[in-house]
Amino acid sequence: MMTFDELNIAEPILKAVREKGYERPTPIQEQAIPVVLHGKDIFGIARTGTGKTAAFAIPILQELLTNPSPEGERIQADAPRPGRQERRGRSHGKREYRPIRALILTPTRELALQISDCFTDYAKYTRLRHTAIFGGVKQGPQTDRLHQGVDILVATPGRLLDLIAQGEVKLGDLTHFVLDEADRMLDMGFIADIRRLLPVLPARRQTLFFSATMPSDIVALSRSMLRDPVRVEVTPVSSTVDTIDQRVYLVEKPEKKGLLVSVLKKETDKSILVFSRTKHGVDNIARILKKAGILSGAIHGDKSQGQRQRALGDFKSGKVKVMVATDIAARGIDIDGLNIVINYDMPDVAETYVHRIGRTGRAGHEGTALTFCSREEHPRVKDIQKLTGKKLETVAYTA
Ligand code: AMP
């Protein structure tokens, strides 16, 4: 098995990676890092939880670290000219010009923040700077940060286009572009935004395209933006993690509440993520839990950024053991020690089931997935079995 040392990564980055406790690259990292360092485009099939973020973040940092920014080169080249350094030089306290050289486009604020946190960790021993921009919050603090200069920008599409239109973000010096979670991007209706963004990016750039699934519209999109890409693939969505214990409760709709409360009262020391298809469903479940005296957090698209961050923070820190979420909101939830995923309702499509339960059983940990399935929802069990090629154990539940 490969080690990080064998990947030709500079010591400041290696040191940070060691401090994160990563012992060796994950399969996606092993495949993607050399390809990125080679300057090739990537067509990557990988879901969250595979170490995908580090698979692009580490080699991008490496590239930016070893290739000075265009202005940096200009500063050096022009050094003999008197006055130039005074106007631009780092040592004179003037604002230094720092072009954005890497852009990571991601569908949700949670993911943007999570990716930004990864850069904070991996870049801590370098002088490279990054920030995240996303909608739903005031733009002032974000533009302040941009004015200070960043090498790496993590962004959601809407806010990015706004700031480009305002002249706050300039991408003319971009060398690396990552499109993260392309399938989710399309699900969320960002295709027009992506198409508007592409012409703004320099044609000469390296593009890393990641998606958990590859339906035909995603493949078409990737073709329009990749040049001779290397295909990198880990755990296709149909292969559910073997370490997850999956159980389906056959339970009539009115009895789901009681079942949920009884499971949660039994598993009080576990961290548990409860999925509902709709925002309304999330609020409903949160009310049921409150009434039952069970402390829980809830996130969905209608919650404010502050509310979501707080709920996520409390859940990650273990202060709150139960989180209720919609599929889209849960996209950004990344918790290594998540013990149980509960599908309060059956997802509409089998792939969503695989995404949901993939939140647990990560990095070799054991995980449990409990699915509450009513009579009307029962036909979907077959779809899931077809996708995963695995029989689901069903248990009849009566209160
Ligand atoms: P991601 O797929 O990027 O969301 O990463 C999933 C989780 O794996 C995150 O919590 C990372 O911190 C963790 N991770 C990433 N790379 C490694 C590695 N090489 N060894 C151990 N954990 C890792």
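Which strands does helix α12 lie across, and at about what angle does α12 run to β13? Here are a few notes on this predicted model, starting with the sheet.

1. The sheet is open and has seven strands, in the order β10-β11-β9-β12-β13-β8-β14, with parallel pairing. At its edges sit β10 (296–299) and β14 (393–396), each of which pairs on one side only. From one strand to the next, the twist averages 20°.

2. Now for the opening question. Helix α12, residues 256–266, lies across β8 (244–250), β9 (272–275), β11, β12 (340–343) and β13 (367–373). Relative to β13, α12 runs at about 160°. Helix α13 (residues 279–291) also packs on the sheet, where α13 touches β9, β10 and β11. The direction of α13 makes about 155° with that of β11.

3. If you would like to look at one strand pair in detail, try β10 with β11 (residues 322–325): four bridges join them in the parallel sense. One pairing to find on screen is S296, whose bridge partner in β11 is V322.

4. Another spot to visit is the helix pair α3 (residues 52–66) and α6 (residues 109–122). Their axes come within 10 Å and cross at roughly 45°. Angles from 35 to 65 degrees fall in the oblique class, so α3 and α6 are oblique to each other. The crossing of α3 past α6 is right-handed.

5. What meets what between these two helices? From α3 come T53, A54, F56, A57, I58 and L61, and from α6 come I115, C118, F119 and Y122. Sorted by class, this contact of α3 with α6 has nine nonpolar residues, one polar and no charged ones.

Notes
Residues are numbered from 1 along each chain as its sequence is written. This is a predicted model: local features need pLDDT of at least 70, side-chain atom pairs count only at pLDDT 80 or more; totals for chains, interfaces and linings use all residues. Side-chain values use heavy atoms; hydrogens and water are left out. Two strands pair if DSSP finds at least two bridges between them. Axes are lines fitted to C-alpha atoms, for helices over the stretch in contact, and angles run from 0 to 180 degrees between N-to-C directions. Contact means heavy atoms within 4.5 Å. Angles under 35 degrees count as roughly parallel, over 145 as roughly antiparallel, 65 to 115 as roughly perpendicular and the rest as oblique. A crossing is left-handed if the near helix is turned anticlockwise from the far one by less than a right angle, and right-handed if clockwise. Ala, Val, Leu, Ile, Met, Phe, Trp, Tyr, Cys and Pro count as nonpolar, Asp, Glu, Lys and Arg as charged, and the others, Gly among them, as polar.
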